[in-house]
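Please look at the model below with its sequence beside it. The paragraphs that follow begin at one residue and work outwards from there.

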Amino acid sequence: MKYYLGLDIGGTKTIMRLEDENKKEIGQKRYPSVKEFDVFEKNIREFLSESNVNENDIAAMCCGIPGSVENDGVTVSLIPSLGWQGTVLKDELFSKFPFPCFAINDVNSAMWAVRDEIEEKNAVLIAIGTGVGGAYMCDGVILNGASGFAGEIGYILNETEARDILKRDSNISHESFGALESKISGTALERIAHDSGFVNSTEMFLKYDESPVAAEKVEDFLITLAVCAANCASLTDPEVIMIGGGVSNSLPPFMDKLTGYIRLFTPSNTRVRITKLGNNAGAVGAVRAAMDYNNNIKNI
């Protein structure tokens, strides 16, 4: 029996998942995300040991990471939240194990799980968690782009933000967090909620109908998200836009409103839905990518 290991490496947490060749879950465990590769190595070995699976029985490991990965699957271009830039994962981590290892963007990883969830072959995934990311599937193929940067919607900005950057009146930089990410990510929503007098963003969403302040802030979020979704729809013409990540848990009461805004902003008739896998999508998708690694990234 062969086994496949998937890691969903986030800015604050890492979920490890192990499945056999029949897609049966063997184990799943959550660890804090760390910058040190020796700690990652230790945690992986611990997880495999606790799962009673020998390293030699692992067919492949895929790591979904919150940043850009070169198409070689081993070089990280930029991960602001972990401080990894220009890091060759093959040298720092992957060479420590006897099985094939590679990395992909974490939202592309989640798209591998969404691909199993939906019937559509053309889809956009907008993932809103600690940060904001996107992925695009065309005719059933998840696109990476020329350098693994496709789908990085967190860096989308508007003309006002661009003018501020040109005037150096803005702290937004592609070397830190993107303009869109600074407005609708989970991190941004927590800041907005605290500044507005709420315990957290969950409370802010729950008080939409009773608090004018909550209504204003949630409306701002919905409009900004709708603009992003409409632009993605106009650019890529997907059959469906899937919304995932932790923030999506607060969206069900607002889906009709969100869809209505999108319809106003684009002639596209794309459908909009929330993913079913929730926070497990990244780990499940990493396993699916590992299962398909021969077709995805070769000669790593």
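Leaving aside neighbours within four places in sequence, isoleucine 243 is in contact with Leu125, Ile126, Ile128, Leu225, Ser248, Leu251, Leu258, Val272, Arg273, Ile274 and Thr275, where contact means heavy atoms within 4.5 Å. This is a predicted model, in which local features need pLDDT of at least 70 and side-chain atom pairs count only at pLDDT 80 or more, whereas totals for chains, interfaces and linings use all residues. Residues are numbered from 1 along each chain as its sequence is written, and side-chain values use heavy atoms, with hydrogens and water left out.

Isoleucine 243 also appears in the description of the largest nonpolar core, which has 36 residues and in which Ile126, Ile128, Phe221, Leu225 and Ile243 touch the most other members. A nonpolar core is here a set of buried Ala, Val, Leu, Ile, Met, Phe, Trp, Tyr and Cys residues joined through side-chain atoms within 4.5 Å, and buried means under 20% relative accessible area, exposed over 50% and partly exposed in between, with a 1.4 Å probe and protein chains only. The elements that give two or more residues to this core are β9, β10, α6 (186–195), α7 (201–206), α8 (212–236), β12 and α9 (255–265); helices (H or I, at least four residues) and strands (E, at least two) are DSSP runs, numbered from the N terminus. Helix α8 provides the largest share of this core, with twelve residues. A second, separate core has 30 residues, among them Val53, Cys63, Leu89 and Cys101.

Next come the sheets. One open sheet has five strands in the order β11-β10-β9-β12-β13, with mixed pairing, two strands being paired if DSSP finds at least two bridges between them. Its edge strands, each pairing on one side only, are β11 (141–142) and β13 (271–274). Strand β12 (residues 240–244) pairs with β13 in the parallel sense over four bridges, and within this pair methionine 242 stands opposite arginine 273 in β13. Helix α3 packs on this sheet, touching β9 (123–128), β10 (132–138), β11, β12 and β13, and its direction makes about 50° with that of β10; axes are lines fitted to C-alpha atoms, for helices over the stretch in contact, and angles run from 0 to 180 degrees between N-to-C directions.

The other open sheet described here also has mixed pairing, with five strands in the order β3-β2-β1-β4-β8. Here β3 (25–32) and β8 are the edge strands, each pairing on one side only, and the twist averages 15° from one strand to the next. Strands β2 (residues 13–20) and β3 pair in the antiparallel sense over seven bridges, with glycine 27 in β3 as the bridge partner of leucine 18. Helix α1 (residues 37–50) lies across β1, β2, β3 and β4 and runs at about 150° to β3. Helix α10 packs on the sheet as well, touching β1, β2, β4 and β8, with its direction at about 135° to that of β1.

Within this sheet, what is the setting of strand β4? Eight of the eight residues of β4 (residues 58–65) are buried, so this strand is largely enclosed by the rest of the structure. Six bridges join β4 to strand β1 (residues 3–9), the two running parallel, and methionine 61 in β4 is the bridge partner of leucine 5. Five bridges join β4 to strand β8 (residues 101–105), again in parallel, and alanine 103 in β8 is the bridge partner of cysteine 63.

Helices α3 and α10, each met above on a sheet, also pack against each other. Helix α3 (residues 106–117) and helix α10 (residues 281–291) make an angle of about 85°, with their axes 6 Å apart. That makes α3 roughly perpendicular to α10, since angles of 65 to 115 degrees count as roughly perpendicular, those under 35 as roughly parallel, those over 145 as roughly antiparallel and the rest as oblique. Ser109, Ala110, Trp112, Ala113 and Asp116 in α3 meet Ala281, Gly282, Val284, Gly285, Ala286, Arg288 and Ala289 in α10.

Two loop residues complete the tour. Asparagine 52 lies in the loop between α1 and β4 and is exposed, with a relative accessible area of 72%; its phi is near 60°, a positive value in a residue other than glycine. Aspartate 139, in the loop between β10 and β11, is exposed with a relative accessible area of 60%, and its phi is near 50°, also positive. Most residues other than glycine have a negative phi.
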